[in-house]
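Reader: I have a structure open beside its sequence, and I would like to learn how to read it. Could you walk me through some features?

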Amino acid sequence: MLGASSVLIAQSDLKTWPEGASPEEIGLKVTEHFITSPHAVYNAPNTKPHIPYFEVCAWYGGLTFVNLTENIDLRSKLIDRFTPLFEKDSALLPVPDHVDYAVFGAVPLEIYLQTKDQKYLTLGKMYADKQWAAPEGPRVIPESYTYYNKGYTWQTRLWIDDMYMITLLQAQAYLATGDKKYIERAANEMVFYLNELQKSNGLFYHAPDAPFYWGRGNGWMAAGMTELLRSLPKKDPNYATIMKGYKTMMASLLKYQDENGMWRQLVDEPSFWPETSCTAMFTFAMITGVKNGWLDKKTYSRTARKGWMALVSYINTNSDITDVCEGTGKKNDKQYYMDRKRVTGDLHGQAPILWCASALLRTK
C-alpha cells in the first residue's frame with residue numbers, strides 16, 4: 001500500500017500514467033482519427049465554404065504531437081492532407097478577413113517549422129500579414145479603422161475567442177521568421193483584451209451583454225495566453241501584464257474544478273454539466289504553466305493530472321471525446337447555455353486533447 005507521500009507524488013505526477021491514459025497513446029489515437037476524417041468544411045452565411053478554425057486547431061495539435069513523438073509517418077499524412085489545398089482544393093483556403101479565418105495560417109507555418117519548405121512559410125506569412133494590413137473587404141466596419149489606426153488588427157472585435165485565434169497565428173509567424181513584430185503585435189493585442197475584458201476574479205464574460213463565464217470562451221482565453229507566453233520574450237514590456245492575467249485566471253480556475261476533475265459549461269455554476277473542451281483547454285494551460293515554472297508545481301500538477309485523467313474517461317472507443325458543447329453564440333440567457341447540445345467528436349474538443357498531449361510531452 002502506498003504511503004501518504006507516495007500518494008501525493010502520484011496525484012501530482014505528470015509523467016507516469018495508467019495503461020491507456022498516457023499522452024503518447026491518447027495523442028496517437030486522436031491524431032490517427034483526425035487524419036482519416038474528411039475536412040470539416042464551414043458553410044457560414046455570406047461566406048464561401050472553407051476550412052474552419054476548429055479543424056485548424058486540431059490540425060495544429062496533431063502536427064505538434066507528431067513532431068514531439070518523431071512520428072514521421074503520421075507527419076507525412078498530416079502534410080499530405082494539406083497538399084491539395086495548393087492545387088485542386090485551393091477554393092477551401094479561408095479568406096483572411098476575420099480572426100476565425102486568418103488563424104488558418106498557423107497550420108502552414110507549423111509545417112514550415114518542421115519541414116523548412118518555403119511555400120508553407122509564404123502562405124502562412126500572408127495570413128499573418130493580412131491580419132495587420134489596412135482594412136479591406138466586405139467585413140470592414142467603421143470600428144475596423146479605429147482599431148487599425150491605434151495599432152491593433154482591424155479584425156479586433158473584443159470577443160474572448162479572438163485571443164487564441166490572433167495570438168496563435170502571430171506567435172507562429174514569429175517562430176517561423178524570427179521577426180519580433182509578430183509577437184509584439186500579439187502581446188499588444190492581448191493586453192488590450194485583458195484590460196477591456198478580464199474581470200476581477202480573473203475570468204471573462206462571454207460578452208458584455210452576455211454576463212456569463214462560458215467554459216469554452218474562457219478556455220480560448222486561457223489557451224491563448226498560454227501559447228503567447230510560450231513564445232513571448234520575458235523582456236517584452238507586455239510580458240508582466242500578460243503573466244499577471246494568466247496567473248490570476250489560473251488561480252480562479254482552481255476553485256471551480258469539480259471532484260472528478262472537470263470544469264463546467266458555465267465555469268462558476270456547480271449545477272451546470274461538465275464540459276470537455278473547456279476542461280481540456282484549462283488543463284493545457286496548467287500543464288504548460290507547471291512545465292515552464294509559471295505555476296506552483298505541487299498545486300497545479302495535481303489539478304492538471306486530475307483534469308487529464310477525467311478527459312481520458314470521456315474518450316470513446318472511436319477516439320472521439322464526448323460532451324463537447326456545440327458551437328455557441330452569445331446570449332443574455334443562462335438557460336441557453338445549460339441547453340446547448342452535448343456533441344461527440346466535435347473538433348472543438350478533439351483539438352485541445354491534442355494540445356494537452358503535446359504539453360505533457362514537452363519539457364517546457
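Author: Gladly! Let's begin in a loop: Ser319 sits between helix H14 (297-313) and strand S1 (324-325). Keep in mind that this is a predicted model.

Reader: What is the phi of Ser319?

Author: Phi is a backbone angle, and its sign is what to look for here. Ser319 is not a glycine, yet its phi is positive, at about 65 degrees.

Reader: Is Ser319 buried or exposed?

Author: To decide, compare the relative accessible area with a cut-off: under 20% is buried and over 50% is exposed. Ser319 has 9% relative accessibility, so this residue counts as buried.

Reader: Where is Lys116 found, and what is its phi?

Author: Lys116 belongs to the loop between helix H6 (106-115) and helix H7 (118-132). Its phi is near 65 degrees, again a positive value in a residue other than glycine. Lys116 counts as exposed, because its relative accessibility is 52%.

Reader: How should I read a residue in a helix, such as Asn149?

Author: Place it in its element, then check its accessibility. Asn149 is in helix H8, which covers residues 142-149. Its relative accessible area is 61%, so Asn149 is exposed. You can also look at spacing: Asn149 and Ile242 are 93 residues apart along the chain, and their C-alpha atoms are separated by 23 Å.

Reader: Which residues touch the most other members of the largest nonpolar core?

Author: A core is read through its best-connected members. Here they are Met221, Ile242, Met249, Met250 and Trp355, in a core of 112 residues. Another core, of 10 residues, lies apart from that one and includes Ala207, Leu266, Cys325 and Tyr337.

Reader: What is Trp355 in contact with, leaving aside its neighbours within four places in sequence?

Author: The partners of Trp355 are Cys57, Tyr60, Gly61, Tyr164, Trp220, Ala223, Met281 and Phe284.

Reader: And how do I read the chain as a whole?

Author: Start with the elements, then turn to overall dimensions. The chain has 16 helices and 2 strands. A compact globule of 364 residues would have a radius of gyration near 21 Å, and the chain agrees with that because its value is 19 Å. Buried residues make up 58% of the chain. Of the contacts with a separation of 6 or more, 71% join residues 24 or more positions apart.

Reader: How many charged side chains are there, positive and negative?

Author: Count each sign, then ask where the two sets are centred. There are 40 positive and 39 negative side chains, with the centres of the two sets 5 Å apart.

Notes
Residues numbered from 1 in each chain as written. Predicted model: local features only at pLDDT ≥ 70, side-chain atom pairs only at ≥ 80, totals over all residues. Heavy atoms only, no water. Helix = DSSP H or I, 4+ residues; strand = E, 2+ residues; numbered from the N terminus. Rg over C-alpha atoms; globule rule 2.2 N^0.38 Å. Buried < 20%, exposed > 50% of the residue type's maximum accessible area, 1.4 Å probe, protein only. Contact = heavy atoms within 4.5 Å. Lys, Arg positive; Asp, Glu negative; His and termini not counted. Charge placed at Lys NZ, Arg CZ, Asp CG, Glu CD. Core = buried A, V, L, I, M, F, W, Y, C linked by side-chain atoms within 4.5 Å.
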